[in-house]
Amino acid sequence: MTTTLNPSNQQKTILGLATLLRMALSGQPLAPLSAELIARAENDPGDAEAMLDLSTILQINQQSDLAMRVQADALQLQQIYHLPARQHVTLKLLVIMAAGPLMANTPIECLLENSDIAVDLLYIFPPELPLPDELPEHDLVFIAIAESDANQLLLEELRKVKWTRPIVNKPELIASLSRDNTYLQLEEIPNLLVPQTNRIGREALEQSLDVSDEQSIASLLESGVGSIIIRPVDSHAGRDLSKLDSAEDMIDYLRRTPDLDFYVSYFVDFRSEEGNYKKYRIVLIDGTPYLCHMAISDHWMIHYLNAGMGESSQKREEEAAMMELFDKDFAARHADALKAIHERIGLDYLGIDCSETYDGELLIFEIDSNMVVHDMDSVELYPYKQPQMHKIFAAFQQMLHNKAASSSVE
């Protein structure tokens with residue numbers, strides 16, 4: 001089916017991820033808006049904007065299967081969706097998106113909210129949704145498509161495109177961000193620890209296990225010692241992430257996890273001197289590091305949402321102090337390692353989830369281009385976050401302006 005372009009000069013717009021996510025995180029009920037969007041789509045079957053916003057709400061509400069069906073209906077109608085600038089337009093940005101769940105793309109809308117940058121989101125997924133011959137007017141291209149098995153072919157197709165405007169985050173560089181390949185790219189950088197990570201299929205895992213041999217699980221990695229960390233390929237936010245200590249643990253894990261391919265790495269105990277675990281989310285914008293958050297937990301499997309930051313004023317005070325001192329402390333201490341990451345990965349914008357080992361090395365958990373960065377936490381609980389996040393947004397937007405002003409088109 002041939003899709004229809006809806007050029008931005010028609011000024012038909014969507015609410016978009018940032019607006020809808022802000023509503024949800026503030027506790028505003030989305031049900032009335034969902035009903036309104038459904039009514040719009042029923043009254044006008046060609047209202048693709050209503051369908052796409054509804055799909056986003058369904059994803060926020062974790063109704064993934066229905067969300068993907070609604071999104072598919074929207075994208076069959078049109079591929080391009082406009083997000084207007086909230087101020088006088090100084091830049092027209094074309095964002096290349098993959099059809100699929102929210103984690104399939106950089107959540108760039110959260111970085112551009114209330115900016116002077118007008119955005120056209122172009123969804124593609126060949127062969128059903130190819131890159132159109134005719135593109136909306138733009139000053140700059142941003143590749144928002146994240147690395148995943150599903151997106152590898154798409155990223156390869158984009159690598160062949162002859163762009164007429166400068167491009168941010170080249171697709172071939174994004175494609176190299178699989179966990180096992182990231183480990184290979186960042187080997188042997190001083191004061192940087194990236195645990196060896198192997199991609200192993202279910203059948204190979206099952207065949208390698210010997211419950212009579214206590215060391216068999218460690219033999220999956222060259223390190224050959226200690227516990228291992230396992231997760232399905234393309235899983236995020238801790239889905240089916242586990243620490244395994246024995247072959248029996250692995251057998252139990254495979255019994256309850258249906259996936260066919262997994263990433264396996266060795267476990268690094270990164271407890272701090274205080275006895276807790278800390279995880280930092282950092283973004284590199286043109287190589288400059290910025291701290292997005294610091295989560296503190298008693299458990300090694302740490303995410304900001306499960307770390308109890310909202311329930312602990314002490315944790316929030318520590319995070320606030322880290323944000324204030326980040327440039328002179330953490331960033332300065334790991335400056336060489338962060339510079340090496342930027343040089344080897346090569347992306348204009350990327351996210352890093354990391355910590356520090358007891359010996360002071362920068363410990364990498366994940367490097368990706370699609371990490372969530374926003375300023376939607378409670379201002380009352382986290383008054384220190386707004387200045388920090390707006391500093392990040394300003395740097396990101398300035399980077400886009402700088403790239404657009406350059407004459408480099410590759």
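Select Cys354 to open the tour of this predicted model. The sulfur of Cys354 lies 10 Å from the closest cysteine sulfur, in Cys292, which is too far for a bond. A disulfide needs the two sulfurs within 2.5 Å. Is Cys354 buried or exposed? Cys354 is buried, at a relative accessible area of 0%. Now pick Cys292. This residue is buried as well, with a relative accessible area of 4%. Widen the search to the whole structure, and zero disulfides turn up. Cys292 is in none, its nearest cysteine sulfur being that of Cys354 at 10 Å.

**Tyrosines from two loops**

Next, select Tyr304 and Tyr382. Their ring centres are 6.4 Å apart and their planes stand at 50°, so this pair is tilted. Where in the chain do Tyr304 and Tyr382 sit? Tyr304 is in the loop between strand 12 (288–297) and helix 11 (313–325). Tyr382 is in the loop between strand 14 (362–368) and helix 14 (385–405). The pair links distant parts of the chain, 78 residues apart. Colour by accessibility: Tyr304 is buried at 12% relative accessible area, and Tyr382 is buried at 8%.

Keep Tyr382 and add Tyr384. Here the ring centres are 6.2 Å apart and the planes are at 70°, so the pair is edge-to-face. Both Tyr382 and Tyr384 are buried. Now show Lys385. Lys385 lies over the face of Tyr382, 4.4 Å from the ring centre.

How many aromatic pairs does the structure hold? The count is eleven. For another aromatic group, select Phe142, Tyr349 and Phe396, which form one cluster.

**Strand 4 and its partners**

Stay with Phe142 and show strand 4, residues 140–143. Which way do its side chains point? Leu140 and Phe142 point one way, Val141 and Ile143 the other. All four of these residues are buried.

Add strand 2, residues 91–98. Strand 2 pairs with strand 4 in the parallel sense, over four bridges. Ile96 stands opposite Ile143 of strand 4. Then add strand 5, residues 167–168. Two bridges join strand 5 to strand 4, and these strands also run parallel. Phe142 stands opposite Val168 in strand 5. Follow the chain from strand 4 through helix 6 (residues 152–159) to strand 5: this β-α-β crossover is right-handed.

**An open antiparallel sheet**

Move on to strands 7, 8, 9 and 10. In what order do the four strands lie? The order is 7-10-8-9, in an open sheet with antiparallel pairing. Strand 7 (197–201) and strand 9 (242–244) stand at the edges. Each has a single partner strand, so one side of each is left without a neighbour in the sheet. Neighbouring strands here are turned by 30° against each other on average, direction ignored.

Zoom in on strand 8, residues 228–232. Three bridges join strand 8 to strand 9, and the two run antiparallel. Select Ile230 to find its bridge partner in strand 9, Ser242. In general, strands of a sheet pair through backbone hydrogen bonds, either parallel or antiparallel.

Last stop: select Lys243 and Phe267. What sits over the ring of Phe267? The charged end of Lys243 does, at 5.1 Å from the ring centre.

Notes. Residues numbered from 1 in each chain as written. Predicted model: local features only at pLDDT ≥ 70, side-chain atom pairs only at ≥ 80, totals over all residues. Heavy atoms only, no water. Buried < 20%, exposed > 50% of the residue type's maximum accessible area, 1.4 Å probe, protein only. Pairing = 2+ DSSP bridges. Axes fitted to C-alpha atoms, helices over the stretch in contact; angles between N-to-C directions. Phe/Tyr/Trp six-rings, centres within 6.5 Å; stacked < 30°, edge-to-face > 60°. Lys NZ or Arg CZ within 6 Å of the ring centre and 35° of its normal. Right-handed = clockwise from strand over helix to strand, strands pointing away.
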